[in-house]
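Colleague: Mind walking me through the pockets and the core of this one? I'd like to hear what the labels rest on.

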Amino acid sequence: MATDPLYRLLAWLSPAYPIGAFSYSHGVETAVEAGFIRDRATLVTWLASVLLQGTGVVDGALFVAAWRTVEAEDWTSFDAIAERAAAWRGTSEMALESRQQGGSFLSITRTAWPHPSLDAVHERLSGELALPVAVALAAAVHGIALDRALEGYLHAFTANLISAAVRTVPLGQSDGQIALAALEPAVRQASEAALSVTSLDEVGTATPLLDWCSLSHETQYTRLFRS
(Lines give C-alpha, C1' and ligand atoms only; values in the text may rest on other atoms or scores of the structure.)
Protein backbone atom coordinates (compact mmCIF):
# COMPACT_ATOMS: atom_id res chain seq x y z
CA MET A 1 0.00 0.00 0.00
CA ALA A 2 1.38 3.42 -0.93
CA THR A 3 2.21 5.75 1.92
CA ASP A 4 0.15 8.93 2.32
CA PRO A 5 2.29 12.07 2.83
CA LEU A 6 -0.72 14.02 4.14
CA TYR A 7 -1.24 11.46 6.89
CA ARG A 8 2.34 11.93 8.05
CA LEU A 9 2.12 15.70 7.96
CA LEU A 10 -1.09 15.68 10.01
CA ALA A 11 0.51 13.35 12.55
CA TRP A 12 3.67 15.45 12.90
CA LEU A 13 1.79 18.74 13.33
CA SER A 14 -0.86 17.38 15.67
CA PRO A 15 -0.96 18.77 19.25
CA ALA A 16 -0.58 15.14 20.31
CA TYR A 17 2.86 14.81 18.71
CA PRO A 18 5.20 14.60 21.72
CA ILE A 19 7.55 17.56 21.23
CA GLY A 20 6.45 19.59 24.26
CA ALA A 21 4.80 22.43 22.33
CA PHE A 22 2.12 22.84 25.01
CA SER A 23 4.72 24.16 27.47
CA TYR A 24 5.71 27.19 25.35
CA SER A 25 3.81 30.42 24.69
CA HIS A 26 6.37 32.36 22.58
CA GLY A 27 5.91 35.48 24.69
CA VAL A 28 2.11 35.28 24.74
CA GLU A 29 2.08 34.81 28.52
CA THR A 30 3.91 38.11 29.07
CA ALA A 31 1.81 39.86 26.42
CA VAL A 32 -1.28 38.86 28.42
CA GLU A 33 0.33 39.95 31.70
CA ALA A 34 1.24 43.35 30.20
CA GLY A 35 -2.22 43.86 28.72
CA PHE A 36 -1.22 43.66 25.06
CA ILE A 37 -3.48 40.64 24.61
CA ARG A 38 -6.81 41.08 26.38
CA ASP A 39 -9.39 39.40 24.18
CA ARG A 40 -9.88 37.69 20.85
CA ALA A 41 -9.40 40.85 18.77
CA THR A 42 -6.09 41.79 20.38
CA LEU A 43 -4.91 38.17 20.14
CA VAL A 44 -5.56 38.12 16.39
CA THR A 45 -3.74 41.44 15.94
CA TRP A 46 -0.76 40.21 17.98
CA LEU A 47 -0.42 36.89 16.17
CA ALA A 48 -0.83 38.46 12.74
CA SER A 49 2.16 40.65 13.59
CA VAL A 50 4.16 37.64 14.76
CA LEU A 51 3.39 35.81 11.52
CA LEU A 52 3.95 38.65 9.07
CA GLN A 53 6.69 40.68 10.75
CA GLY A 54 8.29 38.41 13.32
CA THR A 55 8.92 34.72 13.87
CA GLY A 56 6.70 33.68 10.97
CA VAL A 57 9.03 35.48 8.59
CA VAL A 58 12.19 33.87 9.95
CA ASP A 59 10.81 30.36 10.47
CA GLY A 60 9.10 30.37 7.09
CA ALA A 61 12.29 31.38 5.27
CA LEU A 62 14.36 28.80 7.18
CA PHE A 63 11.79 26.10 6.44
CA VAL A 64 11.83 26.80 2.71
CA ALA A 65 15.62 26.99 2.50
CA ALA A 66 16.07 23.77 4.48
CA TRP A 67 13.46 21.84 2.47
CA ARG A 68 15.08 22.87 -0.83
CA THR A 69 18.58 21.86 0.22
CA VAL A 70 17.32 18.46 1.39
CA GLU A 71 15.51 17.91 -1.90
CA ALA A 72 18.75 18.78 -3.74
CA GLU A 73 20.74 16.56 -1.33
CA ASP A 74 22.99 19.54 -0.63
CA TRP A 75 23.88 18.57 2.91
CA THR A 76 26.64 21.12 3.30
CA SER A 77 24.14 23.92 2.69
CA PHE A 78 21.59 22.21 4.93
CA ASP A 79 24.05 22.11 7.83
CA ALA A 80 24.82 25.81 7.30
CA ILE A 81 21.10 26.62 7.44
CA ALA A 82 20.73 24.54 10.60
CA GLU A 83 23.60 26.47 12.18
CA ARG A 84 22.05 29.80 11.23
CA ALA A 85 18.65 28.72 12.55
CA ALA A 86 20.17 27.81 15.92
CA ALA A 87 21.63 31.30 16.24
CA TRP A 88 18.72 33.23 14.74
CA ARG A 89 16.82 33.77 17.99
CA GLY A 90 16.42 37.03 19.86
CA THR A 91 16.37 35.61 23.39
CA SER A 92 17.49 32.56 25.33
CA GLU A 93 13.88 31.42 25.87
CA MET A 94 13.11 31.64 22.14
CA ALA A 95 16.27 29.61 21.44
CA LEU A 96 15.28 26.98 24.00
CA GLU A 97 11.75 26.80 22.61
CA SER A 98 12.89 26.09 19.06
CA ARG A 99 15.88 23.89 19.94
CA GLN A 100 14.06 21.65 22.43
CA GLN A 101 11.06 21.12 20.18
CA GLY A 102 13.25 20.55 17.13
CA GLY A 103 15.37 17.98 18.92
CA SER A 104 12.29 16.20 20.23
CA PHE A 105 10.69 16.26 16.79
CA LEU A 106 13.75 14.71 15.18
CA SER A 107 13.99 12.04 17.88
CA ILE A 108 10.38 10.85 17.75
CA THR A 109 10.22 11.06 13.95
CA ARG A 110 13.34 8.91 13.62
CA THR A 111 11.58 6.35 15.79
CA ALA A 112 8.10 6.37 14.24
CA TRP A 113 8.92 7.32 10.62
CA PRO A 114 12.57 6.32 10.17
CA HIS A 115 14.70 7.45 7.25
CA PRO A 116 18.49 7.22 6.75
CA SER A 117 18.77 10.98 6.19
CA LEU A 118 17.17 11.71 9.56
CA ASP A 119 19.71 9.46 11.23
CA ALA A 120 22.59 11.06 9.33
CA VAL A 121 21.55 14.59 10.34
CA HIS A 122 21.10 13.48 13.93
CA GLU A 123 24.65 12.12 13.98
CA ARG A 124 26.23 15.16 12.30
CA LEU A 125 24.44 17.74 14.43
CA SER A 126 24.16 15.77 17.68
CA GLY A 127 20.37 15.90 17.52
CA GLU A 128 20.33 19.72 17.79
CA LEU A 129 17.95 21.32 15.27
CA ALA A 130 15.64 24.31 15.31
CA LEU A 131 12.03 23.20 14.88
CA PRO A 132 11.35 24.65 11.40
CA VAL A 133 14.51 23.01 10.06
CA ALA A 134 13.64 19.67 11.65
CA VAL A 135 10.11 19.63 10.23
CA ALA A 136 11.34 20.74 6.79
CA LEU A 137 13.92 17.94 6.82
CA ALA A 138 11.31 15.29 7.61
CA ALA A 139 8.85 16.67 5.07
CA ALA A 140 11.43 16.70 2.29
CA VAL A 141 12.79 13.20 2.86
CA HIS A 142 9.27 11.78 3.15
CA GLY A 143 8.07 13.40 -0.07
CA ILE A 144 5.71 16.06 1.28
CA ALA A 145 5.33 19.04 -1.05
CA LEU A 146 6.97 22.24 0.16
CA ASP A 147 3.91 24.51 -0.03
CA ARG A 148 1.70 22.04 1.83
CA ALA A 149 4.31 21.33 4.51
CA LEU A 150 5.09 25.01 5.06
CA GLU A 151 1.49 26.09 5.43
CA GLY A 152 0.87 23.19 7.78
CA TYR A 153 3.85 24.20 9.90
CA LEU A 154 2.74 27.83 10.17
CA HIS A 155 -0.82 26.73 10.97
CA ALA A 156 0.44 24.51 13.79
CA PHE A 157 2.63 27.32 15.14
CA THR A 158 -0.36 29.67 15.17
CA ALA A 159 -2.70 27.13 16.71
CA ASN A 160 -0.28 26.44 19.55
CA LEU A 161 -0.03 30.13 20.46
CA ILE A 162 -3.82 30.43 20.37
CA SER A 163 -4.01 27.47 22.73
CA ALA A 164 -1.63 29.26 25.09
CA ALA A 165 -3.80 32.39 24.95
CA VAL A 166 -6.98 30.38 25.57
CA ARG A 167 -5.43 29.14 28.81
CA THR A 168 -3.89 32.47 29.84
CA VAL A 169 -6.28 35.32 28.97
CA PRO A 170 -8.45 33.23 29.43
CA LEU A 171 -10.57 32.81 26.29
CA GLY A 172 -13.26 30.29 25.52
CA GLN A 173 -12.67 27.48 23.08
CA SER A 174 -15.05 29.11 20.60
CA ASP A 175 -13.06 32.35 20.68
CA GLY A 176 -9.91 30.34 20.10
CA GLN A 177 -11.33 28.71 16.98
CA ILE A 178 -12.72 32.02 15.68
CA ALA A 179 -9.24 33.52 16.12
CA LEU A 180 -7.68 30.62 14.21
CA ALA A 181 -10.16 31.12 11.39
CA ALA A 182 -9.46 34.86 11.32
CA LEU A 183 -5.71 34.19 11.00
CA GLU A 184 -6.03 31.95 7.95
CA PRO A 185 -5.17 34.83 5.54
CA ALA A 186 -2.12 35.77 7.62
CA VAL A 187 -0.87 32.18 7.65
CA ARG A 188 -1.29 31.95 3.89
CA GLN A 189 0.38 35.32 3.36
CA ALA A 190 3.32 34.31 5.55
CA SER A 191 3.65 31.08 3.59
CA GLU A 192 3.59 32.85 0.22
CA ALA A 193 6.15 35.40 1.41
CA ALA A 194 8.51 32.65 2.57
CA LEU A 195 8.26 30.83 -0.74
CA SER A 196 9.33 34.00 -2.55
CA VAL A 197 12.54 34.49 -0.52
CA THR A 198 15.62 33.95 -2.65
CA SER A 199 18.28 34.50 0.04
CA LEU A 200 18.22 34.25 3.82
CA ASP A 201 20.34 37.41 3.88
CA GLU A 202 17.20 39.31 2.81
CA VAL A 203 15.18 38.17 5.83
CA GLY A 204 14.59 40.27 8.93
CA THR A 205 11.97 40.99 11.58
CA ALA A 206 10.27 44.09 12.96
CA THR A 207 8.71 42.96 16.24
CA PRO A 208 10.78 44.45 19.09
CA LEU A 209 7.80 44.16 21.44
CA LEU A 210 7.81 40.41 20.94
CA ASP A 211 11.48 40.29 21.96
CA TRP A 212 10.70 42.50 24.97
CA CYS A 213 7.95 40.10 26.05
CA SER A 214 10.33 37.17 25.76
CA LEU A 215 13.06 38.93 27.74
CA SER A 216 10.57 40.00 30.41
CA HIS A 217 9.21 36.49 30.70
CA GLU A 218 12.58 35.28 31.99
CA THR A 219 11.98 37.17 35.26
CA GLN A 220 8.18 37.19 35.33
CA TYR A 221 7.00 36.34 38.84
CA THR A 222 4.27 33.82 37.96
CA ARG A 223 4.73 31.67 34.89
CA LEU A 224 2.79 28.78 33.36
CA PHE A 225 4.98 28.43 30.28
CA ARG A 226 8.68 28.06 29.52
CA SER A 227 8.66 30.97 27.05
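Modeller: Sure, starting with the second largest pocket: it holds about 170 Å³ of space, the volume being what probe spheres set on the grid points fill, with points joined across faces, edges and corners. Bear in mind that this is a predicted model, where local features need pLDDT of at least 70, side-chain atom pairs count only at pLDDT 80 or more, and totals for chains, interfaces and linings use all residues. Numbering runs from 1 along each chain as its sequence is written, and side-chain values use heavy atoms, leaving out hydrogens and water.

Colleague: Which residues line the second largest pocket?

Modeller: His26, Trp88, Arg89 and Asp211 are among them. H4 and H12 each give at least two.

Colleague: What makes His217 count as buried?

Modeller: Buried means under 20% relative accessible area (over 50% is exposed, in between is partly exposed; 1.4 Å probe, protein chains only). His217 comes out at 0%, so it is buried. His217 sits in helix H12, residues 208–217.

Colleague: Which residues does His217 touch?

Modeller: Contact means heavy atoms within 4.5 Å. Leaving aside residues up to four places away in sequence, His217 touches Glu29, Thr30, Glu93, Arg223, Phe225, Arg226 and Ser227.

Colleague: And the largest pocket, how much space lies in it?

Modeller: About 820 Å³. Its lining has 42 residues, with Leu13, Ala156, Phe157, Ala159 and Asn160 nearest the centre. H9 gives the largest share, 13 residues.

Methods: Helices (H or I, at least four residues) and strands (E, at least two) are DSSP runs, numbered from the N terminus. On a 1 Å grid over the protein atoms alone, a cavity is a set of points where a 1.4 Å probe fits but cannot get out, and a pocket is an open set with protein on both sides within 12 Å along at least five of seven lines; lining residues have an atom within 4 Å of a point.
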